[in-house]
Amino acid sequence: MQDHIVRAITKDGFLKATAICSTGIAERARQIHHTTPTATAALGRVLTAASMMGNMQKVENGTLTLQIKGGGPLGTLLAVSDAEGNVRGYVQNPGITLLEKYAGKLDVGAAVGTDGMLTVIRDLQMKEPYVGSVALVSGEIGDDVTAYFAQSEQTPTACALGVLVGRDQTVSVAGGYLIQLLPDAPDALIDRLEAGIRAAGAVTPMLSEGLTPEAMLRRVLDGFELEFLENTPVSYRCYCSRERVTSTLIAIGRKDLEEIVAEGKPINLECQFCDQVYTFTPEEISDLLKEI
């Protein structure tokens, strides 16, 4: 199944929903960052959430950054999404040892930690980006995103995320959904929604059954009339370029660049989000010095 996001609204206008298949995104992140299974699951969840949240913004050229610092062995997790939901990210410590709640169940919460914050930065192409932060609830990512929307944006939200890592350590399935109550929604609707979430079960079993994001929303929102608004292909996408890396190189300052030239050896700069390596020769560094 190709990675894609769907958006829907209930015909009564009280709920809006987003769901995603992000298997390819999570697997590409694993390949780039050489993550061990627990790190794969955690980073995959963060990328999945950021992709949906970025897609929900619908601001041309806008971006959304989701950062989690929980004090756990994984360190910082970060994902950046464009306005469509194409996403990139990294985890500070990708090679942590396997952490399991029990045999076969990865303990993402313990790997992320709960002594820290979830921060969302929305760049809506205005003068200043919007920044919101909340204390982590469980480190499981889905619960923490739910808490973010409730506390920082005052929007009742249900977020569920899942990444299933196979025996060969590749990503078998990944995805999730975000469901939000719209203004004037009756309180009774919350009970119906919670019942639907319980009946549907976790994300990874649904995806393992072969359910598409559309079918996943229909199962979770069983009994609601849904109108699907959009279906958007998404992928792991990095926007790095030689020009951007050159600008970063210039920013380190004349003194450091002169030292690089004096050593007489090429330098390799690797993008933190992807596996692209940019090589600069001493001659190219000398040319940069002339431009400063």
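**Reading the terms in a predicted model**

User: The side chain of threonine 119 makes a polar contact with the side chain of serine 133 at 2.8 Å. Why is this called a polar contact?

Analyst: The model is predicted, and the distance is computed from its atoms. A polar contact requires a pair of N or O atoms within 3.5 Å, one able to donate a hydrogen and the other to accept it. The 2.8 Å between the side chains of threonine 119 and serine 133 falls within that limit, so the term applies.

User: Is threonine 119 called buried or exposed, and how do you know?

Analyst: Threonine 119 has a relative accessibility of 13%. Buried means under 20%, so threonine 119 counts as buried. This residue is found in strand S8, residues 117-123. Leaving aside neighbours within four places in sequence, threonine 119 is in contact with Thr65, Leu66, Gln67, Val131, Gly132 and Ser133.

User: In which sheet does S8 take part, and in what order do the strands stand?

Analyst: S8 belongs to an open sheet of 5 strands, in the order S5-S4-S3-S8-S9, with antiparallel pairing.

User: What makes a strand of this sheet an edge strand?

Analyst: An edge strand pairs on one side only, and this holds for strand S5 (87-91) and strand S9 (130-135). Direction ignored, neighbouring strands of the sheet are turned by 10 degrees against each other on average.

User: How do you know that S4 and S5 pair?

Analyst: Two strands pair if at least two bridges are found between them. Strand S4 (residues 76-82) and S5 have 5 bridges, in the antiparallel sense, so the requirement of at least two is met. Within this region, valine 80 stands opposite arginine 88 in S5.

User: Which helices pack on this sheet?

Analyst: Helix H2 (residues 37-57) packs on the sheet and touches strand S3 (63-69), S4, S5 and S8; the direction of H2 makes about 30 degrees with that of S4. Helix H4 (residues 142-152) also packs on the sheet, touching S8 and S9, and its direction makes about 120 degrees with that of S9.

User: There is also an open sheet with the order S10-S11-S2-S1-S12. Why do S10 and S12 stand at the edges?

Analyst: This sheet has 5 strands with antiparallel pairing. Strand S10 (157-165) and strand S12 (226-233) each have a single partner strand, so one side of each is left without a neighbour in the sheet. The twist averages 10 degrees from one strand to the next.

User: How do you know that S1 and S12 pair?

Analyst: Strand S1 (residues 4-10) is joined to S12 by 7 bridges, and the two run antiparallel; pairing asks for at least two bridges, so S1 and S12 qualify. The bridge partner of valine 6 in S12 is asparagine 231. Helix H1 (residues 23-33) packs on this sheet, touching strand S2 (15-21) and strand S11 (171-181). Helix H5 (residues 188-200) packs on the sheet too, touching S2, S10 and S11.

User: How do you know that the span of H5 agrees with its 13 residues?

Analyst: At 1.5 Å a residue, the 13 residues of H5 should span 18 Å; the end C-alpha atoms are 19 Å apart, which agrees.

User: What puts the buried residues on one side of H5?

Analyst: The buried residues of H5 are Leu189, Leu193, Gly196 and Ala200. They cover an arc of only 60 degrees around the axis, which puts them on the same side of H5. Their cover includes S2, S11, helix H6 (203-208) and helix H7 (213-220). The face of H5 turned away from the buried side carries the exposed residues Ala188, Asp191, Arg198 and Ala199.

User: Is serine 22 called buried or exposed, and why?

Analyst: Serine 22 has 0% relative accessibility; the limit for buried is under 20%, so serine 22 counts as buried. Serine 22 lies in the loop between S2 and H1. A polar contact of 2.7 Å joins its side chain to that of threonine 48.

User: Is histidine 34 called buried or exposed, and why?

Analyst: Histidine 34 has a relative accessible area of 65%. Exposed means over 50%, so histidine 34 is exposed. Its place is in the loop between H1 and H2, and it has a positive phi of about 55 degrees although it is not a glycine.

How values were computed. Residues are numbered from 1 along each chain as its sequence is written. This is a predicted model: local features need pLDDT of at least 70, side-chain atom pairs count only at pLDDT 80 or more; totals for chains, interfaces and linings use all residues. Side-chain values use heavy atoms; hydrogens and water are left out. Helices (H or I, at least four residues) and strands (E, at least two) are DSSP runs, numbered from the N terminus. Axes are lines fitted to C-alpha atoms, for helices over the stretch in contact, and angles run from 0 to 180 degrees between N-to-C directions. Contact means heavy atoms within 4.5 Å. The expected span of a helix is 1.5 Å times one less than its number of residues. Buried means under 20% relative accessible area, exposed over 50%, partly exposed in between (1.4 Å probe, protein chains only). The arc is that of the directions from the helix axis to the C-beta atoms.
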